[in-house]
Amino acid sequence: MAENIKLEIVTPDNLVVDEEAQIVMAPGTDGEFGVLKGHTPFLTSLKIGSVKYKDASGKERVVFVSGGFAEALPNKVTILAESAERRRDIDQDRAKQAMERAEKRLSTENDDSIDYIRAKAALVRAIHRLKVKGYIV
Ligand code: ATP
C-alpha cells in the first residue's frame, strides 16, 4: 500500500488539520487536483470549496476552505486559507443566515451601498459550507 502524506491546513489563527493522509483532493483554481505521496512539487491557488482527504485509517474527511494557496511537496501538502473549518465545526445556522443575507443583498438592484462582489463571495462561501455540512447537495 502507498505511504501516507502529511497534510496541514492553516488559517491566520488556527492549525485546522495536522495529520497523515492517504490522499488529498483540493479545489485548485485550474481544477480539482489530487496528491499522493511522492508527487512532483507544485504551488497553486485555491477556489472556495472543500478539501477532501482519506485519513490514515482510510476514513474520508472534508474541510471547508475559503480559497487560499496549496503547496505540494513529495511528502507534505500545506494549505493556507483565510478561513477553514472541519465539517463538525461548521455552524449550520450561521451559514444559512450568511446565505440569506447575501441573497437578499444580491436581489436588491442598483443600490450603491451594496458591494455586490463581496455579497457574491459571501454567498459562495455559505453555499460551500452548507454543502460540506450536507445541508445542501
Ligand atoms: P459570516 O458572515 O457568518 O461571518 P463569512 O463567510 O463572512 O460568514 P468568513 O470571513 O469566511 O465568514 O470567516 C470568519 C471567521 O468565522 C473564520 O474564523 C471562520 O472560520 C468562521 N466562520 C464563518 N462562518 C462559519 C460557520 N458557518 N461555521 C463555523 N465557523 C464559521
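Strands are DSSP runs of E of at least two residues, numbered from the N terminus. In the model described here, which is predicted, strand β7 spans residues 84–86 and contains R86. The overall architecture is presented before that residue and several others are examined in turn.

The chain comprises two helices and seven strands. Read from the N terminus, these elements follow the order β-β-β-β-β-β-β-α-α. Along the principal axes, the C-alpha atoms occupy a box of roughly 55 × 25 × 25 Å. Of the 137 residues in the chain, 36% are buried. Among contacts with a separation of 6 or more, 52% link residues that are 24 or more positions apart. The chain is divided into two domains, with domain 1 covering residues 5–87 and domain 2 covering residues 91–133.

In soluble globular proteins, nonpolar side chains tend to be buried together. In the present model, the largest nonpolar core holds 21 residues, and the members that touch the most others are L7, I9, V24 and I79. At least two residues of this core come from each of the strands β1 (5–11), β2 (14–28), β3 (31–35), β4 (42–55), β5 (60–73) and β6 (76–80). The greatest contribution is that of β2, which provides five residues. The surroundings of L7 illustrate the packing: with residues up to four places away in sequence set aside, L7 is in contact with V17, D18, E19, A21, V24, Y53, V77 and I79. A second core, separate from the one just described, consists of seven residues, including A95, A98, A102 and A126.

The relation between the two domains was examined next. The C-alpha centres of domain 1 and domain 2 are 25 Å apart. Nine residues of domain 1 and seven residues of domain 2 take part in the contact. The size of an interface is often given as the accessible area lost when the parts come together. For domain 1 and domain 2 this buried area is about 710 Å², with carbon and sulfur atoms giving 68% of it. On the side of domain 1, the residues that lose the most area to domain 2 are I48, F64 and R87, which together account for 71% of what that side buries.

Polar interactions also cross this interface. One salt bridge is found between domain 1 and domain 2, and four residue pairs are in polar contact across the interface. Strands β4 and β5 are the elements that supply two or more residues to the side of domain 1 touching domain 2. A salt bridge joins R129 to E85, where the closest N and O atoms are 2.7 Å apart.

H128 offers a closer view of contacts made by helix α2 (residues 116–133), in which this residue is found. Leaving aside residues up to four places away in sequence, H128 touches I48, G49 and F64. H128 and G49 are 79 residues apart along the chain, yet their C-alpha atoms are separated by 5.7 Å. H128 has a relative accessibility of 22% and therefore counts as partly exposed, since the buried class is limited to values under 20%.

Two residues of the strands provide a view of domain 1. R86, in strand β7, has a relative accessible area of 12% and is therefore buried. The side chain of R86 makes a polar contact of 3.0 Å with that of E19. Beyond residues up to four places away in sequence, R86 touches V16, V17, E19, Y53, V62 and V63. T11 belongs to strand β1 and likewise counts as buried, because its relative accessibility is 8%. Its contacts, again without residues up to four places away in sequence, are with V16, A81, E82, S83 and A84.

The loop between α1 (92–107) and α2 contains N110. Most residues other than glycine have a negative phi. N110, although not a glycine, has a positive phi of about 50°. With a relative accessible area of 76%, N110 is exposed.

Technical notes: Residues are numbered from 1 along each chain as its sequence is written. This is a predicted model: local features need pLDDT of at least 70, side-chain atom pairs count only at pLDDT 80 or more; totals for chains, interfaces and linings use all residues. Side-chain values use heavy atoms; hydrogens and water are left out. A nonpolar core is a set of buried Ala, Val, Leu, Ile, Met, Phe, Trp, Tyr and Cys residues joined through side-chain atoms within 4.5 Å. Buried means under 20% relative accessible area, exposed over 50%, partly exposed in between (1.4 Å probe, protein chains only). Helices (H or I, at least four residues) and strands (E, at least two) are DSSP runs, numbered from the N terminus. Contact means heavy atoms within 4.5 Å. Domain bounds come from an automatic or database domain assignment. Buried area is the accessible area (1.4 Å probe) that two parts lose on being put together, summed over both. A salt bridge is a side-chain nitrogen of Lys or Arg within 4 Å of a carboxyl oxygen of Asp or Glu. A polar contact is a pair of N or O atoms within 3.5 Å; within protein, one must be able to donate a hydrogen and the other to accept it, and residues adjacent in sequence count only if both atoms are side-chain atoms.
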